[in-house]
Amino acid sequence: MLIIFILKGAVVMVFPKKPYSKEEIIDRLEEYARLDADPYSGKLFTIAFESGSEELRELLHRAFTMYMDKNILDITEFRSAIKLEKDIIDIAKSLMNADEEAVGTFTFGGTESVFLAVKAARDTFFIKKGFQIPEIVMPVTGHPCYDKAAEYMGLKVVRVPVDPETLEGNPDAIKEAVTDNTAMLVGSVPNWPFGTLDPIKEFAEIAEEKQVWFHVDACVGGFVLPFLKQLGEPIPDFDFTIPGVSSISMDPHKYAYSSIGASIILFRKSFNKMLSQYVNLRWPGYPIVNPGVLSSRSAGSIAATWAALHYQGEPGYLDLARKLIKARNLVLDGLKKLHFNIMGSPRSPVVAFSSEEVDIFQLSDEMLNKGWFLLPQRGIREMEIPRSVHLTVTPIHEQSSGQFITDLKQAKEAVSKAPPSEIGEMAKGFGMIMGLTAGEMDYEALRQIMNKLEGYIEGYGPELLKAFGLEDGLPQEMAMLNELFDALPPEIMELLVNYVVIEIYRKGL
Ligand SMILES: Cc1ncc(COP(=O)(O)O)c(C=O)c1O
């Protein structure tokens with residue numbers, strides 16, 4: 001039995017004095033899992049990349065468990081992992097038209113791949129120019145993992161406006177933003193928010209001219225765009241055939257449908273990879289050689305990725321790509337019939353839509369009530385990017401997209417009949433009380449807030465949670481939070497979310 005303390009209203013479990021039986025463990029795991037969305041339901045348009053193939057799923061589970069106890073921290077003990085990784089990297093290289101000299105690393109997520117590319121680009125910059133703060137230049141639609149890498153590794157990110165019509169990166173604006181401090185240029189194929197493709201060839205020309213590292217973020221597209229292209233979809237080149245491309249990230253745990261924890265970073269030259277690895281012989285212990293950010297890593301995901309790539313092969317991925325095109329086109333047709341605005345011209349399986357008729361945040365909540373998981377996005381007013389809803393279309397949606405559109409029609413009707421939401425005005429009012437409006441924040445103001453933050457949190461944290469109805473965790477309906485995100489400066493919202501998430505984890509809510 002567990003000993004349970006009640007502390008400030010939260011349940012705290014201490015180390016079990018008596019072990020659970022196997023049955024109790026499984027019961028408890030199943031009970032916890034009941035709270036989760038079902039990744040195989042076809043109702044998630046968010047972060048579940050589901051092939052819809054039960055056979056593939058079973059194979060991945062088997063491959064994963066066969067290798068999960070092998071720690072690839074020490075490459076001399078489990079050499080199979082080197083072979084598996086070489087095969088995976090070779091497949092990725094062939095998809096990206098890399099030559100013999102190119103090398104790669106298997107990582108556990110797109111963020112980790114990006115970290116390695118950023119480290120190599122930063123060190124290349126330091127070698128060339130000495131120590132000064134290097135910058136990453138990218139379209140505003142670039143993934144926040146670049147900001148995260150920059151924060152961890154001491155770089156600065158310069159986000160550049162995209163073309164407001166196409167939502168693709170604008171080469172002229174990028175060119176203007178590249179300076180002597182630029183260490184890295186990034187283009188995404190596609191970007192996450194809208195699924196549009198940055199013009200990689202044009203970006204590569206700028207990178208070559210200015211002699212800066214150019215990273216192609218194909219985390220989402222790397223394992224799907226080549227197959228869409230083979231099927232005749234209009235996908236421009238974005239790989240190593242383009243001179244000027246230094247590195248490419250691509251994630252098997254997205255459109256290669258592998259287990260979660262699978263990404264690849266490819267470098268055009270092996271010296272580039274040298275700058276991404278970490279080696280340490282300065283302590284009295286074993287030699288540390290880390291190709292990735294993490295040190296101890298299970299080989300489970302590597303085995304599962306090897307299994308996914310070989311089980312599907314080219315025919316399997318082409319087949320899934322056909323399903324994707326069908327599902328995406330069904331979704332797009334439905335959205336157009338319901339008079340939603342499609343963001344840009346979708347060429348990847350990721351699409352987004354906005355609306356002038358209904359509140360998109362309320363629509364998303366209404367769909368959640370019907371069991372559909374969508375990703376509402378705040379847009380950027382100053383850059384004329386409206387609020388929208390992101391949809392990650394996957395092969396499983398070939399089955400469910402008809403029902404999705406039917407439910408969306410009903411949800412739209414319900415939201416347009418509902419009284420206008422006062423949440424937005426409330427959120428803005430809250431901002432005014434705090435003397436803040438969206439987008440108005442400089443480093444000095446932020447520094448002053450950070451200086452007093454610990455005291456604020458101690459004094460007002462619990463009341464703040466209560467005021468926003470967050471003391472019991474995230475609400476089922478997210479419209480209010482989304483409105484808040486839009487009404488206050490992102491720096492302030494980041495602090496609030498940061499604090500709230502700690503409380504959610506503390507309480508296990
Ligand atoms: C374009 C892009 N790059 C990088 C990432 C980061 O990938 P991960 O979540 O696997 O770390 C994502 C995640 O969605 C992405 O969409």
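Author: The expected span of a helix is 1.5 Å times one less than its number of residues, and helices here are DSSP runs (H or I, at least four residues) numbered from the N terminus. The model is predicted, so local features need pLDDT of at least 70 and side-chain atom pairs count only at pLDDT 80 or more, while totals for chains, interfaces and linings use all residues. Residues are numbered from 1 along each chain as its sequence is written, and side-chain values use heavy atoms, with hydrogens and water left out.

Reader: How do you know that the span of helix 2 agrees with what its 14 residues should give?

Author: Helix 2 (residues 54-67) should span 20 Å at 1.5 Å a residue, and its end C-alpha atoms are 20 Å apart, which agrees.

Reader: Which residues of helix 2 are buried, and what puts them on the same side?

Author: L56, R57, L60, A63 and Y67 of helix 2 are buried, where buried means under 20% relative accessible area with a 1.4 Å probe, protein chains only. They cover an arc of only 130 degrees around the axis (taken from the directions from the helix axis to the C-beta atoms), and therefore lie on the same side of helix 2.

Reader: Why is the largest nonpolar core said to lie between domain 2 and domain 3?

Author: A nonpolar core is a set of buried Ala, Val, Leu, Ile, Met, Phe, Trp, Tyr and Cys residues joined through side-chain atoms within 4.5 Å. The largest has 91 residues, of which L185, L391 and F404 touch the most other members. Domain 2 (62-307) and domain 3 (323-417), with bounds from an automatic or database domain assignment, both give residues to this core, so it lies between them.

Technical notes: Helices (H or I, at least four residues) and strands (E, at least two) are DSSP runs, numbered from the N terminus. Buried means under 20% relative accessible area, exposed over 50%, partly exposed in between (1.4 Å probe, protein chains only).
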